[in-house]
Amino acid sequence: MDSPATLAVLDRAEILCRARGVRLTAQRRRVLAILCDSPRPLGAYEILDTMREGSRPLAPPTVYRALDFLLEQGLVHKLVSLHAFVGCNHPEHPHSSQFLICNACGEVTEIEDEAIDRSLGSAASVSGFRPQRRVVEVIGTCAGCSQKGR
Ligand SMILES: [Zn+2]
Ligand SMILES: [Zn+2]
């Protein structure tokens with residue numbers, strides 16, 4: 001059962017896809033819902049396991065194709081260091097991937113700092129490098145876990 005927060009994300013995704021002329025198929029929608037319902041990032045196989053429950057087994061490429069679509073549309077992000085995926089909080093505008101990852105509780109927080117983007121952009125151009133994707137993943141301890149550890 002999808003929570004109200006998840007339903008709100010799905011509604012927004014539906015509107016975005018319609019405006020862009022792409023199709024949020026039932027399977028793509030299901031993958032997005034699973035990621036939104038999860039309190040932590042999920043790997044492709046965990047998504048596959050969840051989708052298996054109650055219905056016939058799916059082939060892994062089905063999930064990978066759905067994830068590719070959701071990534072392309074900016075509806076989810078890939079966390080490279082965790083080999084996992086999370087739903088995006090603000091898919092309306094294109095942005096790079098910036099995350100704070102707590103290695104104690106696994107909490108993942110998306111941040112959006114344009115200064116980081118700008119300085120990465122200028123550092124790259126100094127080297128004559130043309131970036132395709134920018135991924136910033138900061139591993140450490142979240143505020144809650146820091147407090148507990150004190
Ligand atoms: Zn995002
Ligand atoms: Zn934590």
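Contact, as I use the word in these notes, means heavy atoms within 4.5 Å. I'm keeping in mind that this is a predicted model.

**Entry 1: leucine 70**

I started with Leu70 and skipped residues up to four places away in sequence. Leucine 70 touches Leu24, Arg28, Val31, Leu32, Leu75 and Val76.

Then I looked up the core around there. The largest nonpolar core has 24 residues, and Leu70 is among those that touch the most other members, along with Val31, Leu35, Ile47 and Leu67. Which helices supply at least two residues each of this core? I found α1 (4-20), α2 (26-37), α3 (44-52) and α4 (60-72). There is also a second, separate core of five residues, and I noted Leu79, Val86, Ile101 and Val108 among them.

**Entry 2: the whole chain**

Next I zoomed out. I counted six helices and five strands in the protein chain. Reading from the N terminus, I wrote the order down as α-α-α-α-β-β-β-β-α-β-α. Along the principal axes, the C-alpha atoms fill a box of roughly 50 × 45 × 30 Å. The chain has 150 residues, and 35% of them are buried. I also checked contacts between residues at least 6 apart in sequence: 47% of these join residues at least 24 apart.

**Entry 3: the zinc ion**

Which protein atoms are the donors of the zinc ion (ligand 1)? My list reads His77 (NE2), Cys88 (SG), His95 (NE2) and Glu110, which appears twice through OE atoms. These donors lie 1.9 to 2.7 Å from the zinc ion. Along the chain, their spacing goes H-x10-C-x6-H-x14-E.

I then looked at where the two histidines sit. Histidine 77 is in strand β1 (residues 76-79), while histidine 95 is in the loop between β2 (84-87) and β3 (97-102). So the pair ties together parts that are 18 residues apart in sequence. Is histidine 77 buried or exposed? Its relative accessible area is 8%, and buried means under 20%, so histidine 77 counts as buried.

**Entry 4: helix α5**

I checked the length of α5 (residues 114-126) with a quick sum. At 1.5 Å a residue, its 13 residues should span 18 Å, and the end C-alpha atoms are indeed 18 Å apart, so the two agree.

Which residues of α5 are buried? They are Asp117, Gly121 and Ala124. Looking down the helix axis, I see these buried residues within an arc of 70 degrees, so they line one face of the helix. Strand β3 is part of what covers them. On the other side of α5, I found Arg118 and Val126 exposed.

I looked at both ends too. At the start of α5, a side-chain oxygen of aspartate 113 comes to within 2.9 Å of the backbone nitrogen of alanine 115. Just after α5, glycine 128 has a positive phi of about 70 degrees.

**Entry 5: isoleucine 111**

Last stop for today was Ile111, in the loop between β4 (108-110) and α5. Its relative accessibility is 26%, so I put isoleucine 111 down as partly exposed. Which residues does isoleucine 111 touch, not counting those up to four places away in sequence? I got Gln98, Phe99 and Leu100. For isoleucine 111 and leucine 100, I also noted the spacing: 11 residues apart in sequence, and 7.3 Å apart in space from C-alpha to C-alpha.

Terms used: Residues are numbered from 1 along each chain as its sequence is written. Chains are lettered from A and ligands numbered from 1 in the order in which they are written. This is a predicted model: local features need pLDDT of at least 70, side-chain atom pairs count only at pLDDT 80 or more; totals for chains, interfaces and linings use all residues. Side-chain values use heavy atoms; hydrogens and water are left out. A nonpolar core is a set of buried Ala, Val, Leu, Ile, Met, Phe, Trp, Tyr and Cys residues joined through side-chain atoms within 4.5 Å. Buried means under 20% relative accessible area, exposed over 50%, partly exposed in between (1.4 Å probe, protein chains only). Helices (H or I, at least four residues) and strands (E, at least two) are DSSP runs, numbered from the N terminus. Donors are N, O and S atoms within 2.8 Å of the metal (3.2 Å for Na, K and Ca); water is not among the atoms, so sites may look incomplete. The expected span of a helix is 1.5 Å times one less than its number of residues. The arc is that of the directions from the helix axis to the C-beta atoms. A polar contact is a pair of N or O atoms within 3.5 Å; within protein, one must be able to donate a hydrogen and the other to accept it, and residues adjacent in sequence count only if both atoms are side-chain atoms.
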